[in-house]
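Biologist: Got a minute to walk through this one with me? I'd like to go over the contacts and then the strands.

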Amino acid sequence: MTSWDETHREVSADDKPIIKEREQIEIELLMEGIHSYYGYDFRNYALPSLTRRILHHVNAERLKSISELQHQVLHNREAFKRLVQSLSIPVTEMFRDPSLFKTFREKVIPVLRTYPYIRIWHAGCSTGEEVYSMAILLHEEGLYEKSRIYATDMNERSLQQAKEGVYGIEKMKLYTKNYLEAGGTGVFSEYYTARYNSVMFHPFLRRNIIFAEHNLATDRSFNEFNVIFCRNVMIYFNDELRNHVHGLFHESLSHFGILVLGAKESIHFSGYSDDYESMDRVEKIYRKVK
């Protein structure tokens, strides 16, 4: 019995283990090369999802092998940028998981009201929808003027879109629904201007946002924060990198600082679980107590 491997060659079933072993070696060499040459560290990303994305990118680039991809990215920075884009596919939306933002209003906002100044870090902010959601929420709660939001990502292209605050108009129906379910108190359409097939969020929402490149795998803490959002990012990491990032967040949070994770993520088994108490187990909101 024969089948086609990812590079479209006919192979026997007996050859599949060899192909998989070769792919893993090629991926390891590719990740080492990227780390040595560009300083980006994907070596501790979860191998199954990393493999899927790399093989998809090989096909998209019409290459014959992962080794050919390595040659391409190490000799062409634009090719490297395209690979980074593939490895950090943005999956986000305004007020994603509305119940989380509603719970944040009810349980976290009262705590933030007691602070003279609020610093919030959105780690792995992607194209910025979650960041603008937070800016709107803080504005409606009367806290935006005393807040500073730090939005970081390793993906240069995603960050650029986040800075511009321009999104497809076709998404606004869903975003409006999310906004209302999240407890929005205003009219969502008043926060943006529609032009042709896109919308631009109003500049006042960007006034207290700092966008910057930051790689969770290699970069260090750069401030002390009252709140850190990092949702659905660490699901792509292996245990070693996940624990490293939890250490980074623990170092970056102030005492009683608040950590918000994604629905499939948890502070448990991180090595730091005893340093937090749960503010909401369902929405994965934790408060640092040690």
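Biologist: Which ring does the charged end of Arg-53 sit over?

Modeller: That would be the ring of Tyr-236, with the charged end 4.5 Å from the ring centre. Keep in mind that this is a predicted model.

Biologist: Okay, noted. On to the aromatics: how many aromatic pairs does the structure hold?

Modeller: There are 24 of them. Take Tyr-192 and Phe-201: their ring centres are 5.7 Å apart and the planes meet at 65°, and since over 60 degrees counts as edge-to-face, that is how this pair is classed.

Biologist: And is Tyr-192 buried or exposed?

Modeller: Buried, at 14% relative accessible area. Phe-201 is buried too, with a value of 0%.

Biologist: Which cluster do those two rings belong to?

Modeller: Ring pairs link them into a cluster that also includes Phe-95, Phe-101, Tyr-132, Phe-188 and Phe-229.

Biologist: Switching to strands. What's the strand order in the open sheet of three?

Modeller: The order is 5-7-6, with antiparallel pairing. Strand 5 (166-168) and strand 6 (192-195) are the edge strands; each has a single partner, so one side of each has no neighbour in the sheet. On average, neighbouring strands there are turned by 30° against each other, ignoring direction.

Biologist: How many bridges join strand 5 to strand 7?

Modeller: Three, and the two strands run antiparallel, with strand 7 covering residues 198-201. One of the bridge partnerships puts Val-166 with Met-200 in strand 7.

Biologist: What about strand 3, why is it described as largely enclosed?

Modeller: Strand 3 covers residues 118-123, and five of its six residues are buried, so the rest of the structure largely encloses it.

Biologist: Which strands does strand 3 pair with?

Modeller: Strand 4 (residues 147-153) is one partner, parallel to strand 3 over six bridges. Arg-119 has Arg-148 as its bridge partner there. Strand 9 (residues 225-230) is also parallel to strand 3, joined by three bridges.

Biologist: And what stands opposite His-122 in strand 9?

Modeller: Phe-229. You've met that residue already, as Phe-229 is in the aromatic cluster.

Biologist: Last one: which helix goes with strand 3 and strand 4 in the β-α-β unit?

Modeller: Helix 6, residues 129-140, and the unit is right-handed. Tyr-132 is another name from the ring cluster.

Conventions. Residues numbered from 1 in each chain as written. Predicted model: local features only at pLDDT ≥ 70, side-chain atom pairs only at ≥ 80, totals over all residues. Heavy atoms only, no water. Pairing = 2+ DSSP bridges. Helix = DSSP H or I, 4+ residues; strand = E, 2+ residues; numbered from the N terminus. Axes fitted to C-alpha atoms, helices over the stretch in contact; angles between N-to-C directions. Phe/Tyr/Trp six-rings, centres within 6.5 Å; stacked < 30°, edge-to-face > 60°. Buried < 20%, exposed > 50% of the residue type's maximum accessible area, 1.4 Å probe, protein only. Lys NZ or Arg CZ within 6 Å of the ring centre and 35° of its normal. Right-handed = clockwise from strand over helix to strand, strands pointing away.
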